[in-house]
Amino acid sequence: MREALYIAIQKALVELGVPDAPFVVERPGDMSHGDYSTNAALIAAKQLEKNPREIAEMLQEKLSSEKVLGSPRSARPDHFLQKVSPSISLEGISKIEIAGPGFINFFLSHEAVASEIEKIAGGEFGEIKSDLKGQKVMVEYTDPNPFKEFHIGHLMTNTIGESIAHLFEAAGATVARANYQGDVGVHVAKAIWGKQQKPESLWGEAYVFGSERYDAHKEEVDELNKIIYEKTDAAVNALYEAGRAQSLEHFEKLYAMLGTKFDYYFFESQVGPVGLEIVKKHPEVFEESEGAVVFKGEQYGLHTRVFVNSKGLPTYEAKELGLVEAKKEKGDFALSITVTANEIQDYFKVVRKAAELVFPDLEGKMIGRFHGFLKLTTGKMSSRKGNAITGESLLMDLKDAAKEKMQGRELKDVEKTAEQIAVGAIKYAVLKQGSGKDIIFDPEKSLSLQGDSGPYLQYARVRALSIMKAAKEAGVIAGSGEEKSPVSAAGWSGNAATSDFSSPINPRVTLERTLIHFTEVVERAAAELEPHYVTTYLTELASAFNSWYMVERVVGGPNPQSALLLTEAFESVLKNGLTLLGIPAPEEM
RNA sequence: GCGCCCGUAGCUCAACGGAUAGAGUACUUGGCUUCGAACCAAGGGGUUGUAGGUUCGAAUCCUGCCGGGCGCACCA
């Protein structure tokens with residue numbers, strides 16, 4: 001519908017001689033302003049240097065089949081003086097009005113809303129417009145390091161990456177999920193050294209132990225690093241292999257809990273030599289400086305970075321080039337996205353520029369999606385100090401809180417459900433705000449699992465499922481049937497003469513009219529790589545559902561059939577929305 | 001020093017240059033004999049860091065200042 005309006009308005013603007021006005025069609029923040037709204041008249045008025053309301057009236061005329069305007073309504077406060085056109089050509093639009101400084105507001109007919117809801121309840125959401133339809137996209141995210149613990153930053157990257165992968169899939173792209181892991185470097189030596197000292201410790205702990213004592217045992221650990229690299233000691237080799245395998249296996253359990261299934265795994269050990277070769281083969285891109293091989297980024301407005309150090313070893317930068325090549329071998333991707341922290345941003349730009357010079361066909365295809373830190377309000381965390389809160393420990397704490405809350409309920413699988421709630425709580429916190437900014441996460445508060453939270457969404461859906469079950473047992477058949485939604489019929493829709501915008505909007509109408517915007521929200525989230533639009537929308541929707549639930553019963557209510565249909569539509573949208581966020585949707589909790 | 005990002009209610013966050021800047025939380029009050037109260041309803045709470053500028057219209061765009069974060073050569 002939004003698209004249809006957009007096209008109709010564009011056409012009308014062309015007729016007015018303003019073909020290139022950058023207008024928008026949006027969902028008004030306030031429902032009394034209709035289901036869709038456009039600022040087209042305001043924009044066009046600027047270009048034509050005319051009064052916006054005059055332009056609005058001309059547009060309204062063109063959008064209506066009749067050129068007869070109703071008389072100005074006097075019931076409203078005069079600053080909202082409206083003109084209502086009685087006859088509309090756009091199908092499904094019951095009213096077009098001009099309001100405020102020159103907004104044109106569109107109201108859907110009750111029939112149009114009901115028909116949309118029927119589709120949604122049946123799982124039809126309409127098409128999402130995207131340039132990426134049918135294209136292959138690779139999303140790299142999570143990137144933990146074997147031998148180290150899975151910390152909160154990894155949780156954050158995983159959450160965002162997983163959601164972006166889902167959004168691309170919703171937009172019609174074929175997505176490959178990739179994970180790039182550092183299985184070589186000093187951190188490995190620290191962990192193995194720690195393990196040698198304390199064989200009974202877990203790998204994450206061994207790393208922390210080794211890391212804390214690194215300064216005091218620097219030579220020893222560096223020597224060990226060399227042994228690992230050159231593979232000269234069988235016992236160390238065995239330790240390395242075992243540690244790597246155990247770490248990866250452990251991560252795999254976390255991925256399963258988080259709902260991620262990777263298609264490709266890349267390792268530093270594998271791409272390092274490749275990157276080194278690439279640098280050597282491209283003297284036109286890289287140059288020697290102070291014994292190292294560098295890329296001078298200054299000529300592109302960037303800075304210089306070292307790709308091969310003075311010992312002839314590839315740095316992280318060169319490895320990244322190797323990674324680019326490894327990714328290329330997996331297929332021809334229209335887009336390759338790396339989800340990572342803000343601090344990597346400038347570094348990423350330099351490496352990307354170098355990569356584009358080496359692989360000209362990749363120009364413009366590599367995108368970074370950056371995020372801030374996840375900070376805890378209670379205490380600091382650090383993967384180098386022992387008392388750190390890791391991603392895993394945070395999940396476990398939340399899981400325990402969920403379990404406590406579920407005591408007294410008879411559930412099929414308490415462990416799994418508690419896990420789903422924990423994952424939902426943390427993912428919601430990450431996905432509820434826009435990109436780039438640090439996230440302040442209060443574990444204490446989120447343990448309460450209330451309000452603006454993942455469990456709020458999960459619970460609302462569980463409630464809907466419960467209603468659907470009860471309705472089925474009572475023999476209610478979903479459908480709009482013969483019933484009229486009494487509120488909708490007498491309220492805002494259809495008959496302008498009886499519309500009364502001063503009275504509070506009814507909960508049922510709010511729910512209906514919120515439901516129909518899901519696809520547009522997803523489209524925008526996918527286009528901007530911003531999952532938080534979905535999060536915000538779902539919260540608003542769940543709130544509308546809960547409010548409606550309080551005032552109208554389904555089983556034994558006045559309109560059981562349409563109420564059940566509405567509930568099914570809500571459940572359908574919420575289930576799909578949660579999937580897009582990568583938040584699990586338990587059947588009971 | 002140079003570059004990038006941020007500053008909105010006590011706290012955590014929304015607001016695609018537009019309409020009366022919205023949610024949650026905390027606080028106060030009311031609501032479970034009826035489909036799940038992890039819920040709902042109501043109330044107070046704002047000079048959008050600050051001073052200017054552009055615009056019919058600015059939290060949003062531009063400039064200065066204040067405050068905070070991150071990055072700038074052989075770590076990842």
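Biologist: In this predicted model, what share of the 589 residues of chain A counts as buried, and what makes a residue buried?

Modeller: The share is 44%. A residue gets that label because 20 or more other C-beta atoms lie within 10 Å of its own.

Biologist: Okay, and how many helices and strands does chain A have?

Modeller: You'll find 21 helices and 14 strands in it.

Biologist: Why are β1 and β2 called paired?

Modeller: Pairing takes at least two bridges. Two bridges join β1 to β2, residues 36-38, so the pair qualifies. The two strands run antiparallel, and glutamate 26 stands opposite serine 37 in β2.

Biologist: Where does that pair sit in its sheet?

Modeller: Four strands make an open, antiparallel sheet, in the order β1-β2-β4-β3. β1 (25-26) and β3 (93-99) are at the edges: each has a single partner strand, so one side of each lacks a neighbour in the sheet.

Biologist: Which helix lies across β3 and β4?

Modeller: That's α3, residues 52-63, which runs at about 165° to β3. Angles go from 0 to 180 degrees between N-to-C directions, so α3 and β3 point in nearly opposite directions.

Biologist: Now the RNA. What makes a residue count as near strand B?

Modeller: Its C-beta atom has to lie within 6 Å of the strand. There are 74 residues around RNA strand B, and Asn309, Gln433, Gly451, Ser466 and Ala470 come nearest. Helix α16 (residues 454-473) gives the largest share of that surface, eight residues.

Biologist: How does the surface near RNA strand B split by class?

Modeller: It has 31 nonpolar, 25 polar and 18 charged residues. Gly counts as polar, so Gly451 belongs with the polar ones.

Key:
Residues are numbered from 1 along each chain as its sequence is written. Chains are lettered from A and ligands numbered from 1 in the order in which they are written. This is a predicted model: local features need pLDDT of at least 70, side-chain atom pairs count only at pLDDT 80 or more; totals for chains, interfaces and linings use all residues. Two residues are in contact if their C-beta atoms, placed from the backbone, lie within 7 Å. A residue is buried if 20 or more other C-beta atoms lie within 10 Å of its own, exposed if 12 or fewer, and partly exposed in between; C-beta atoms are placed from the backbone.
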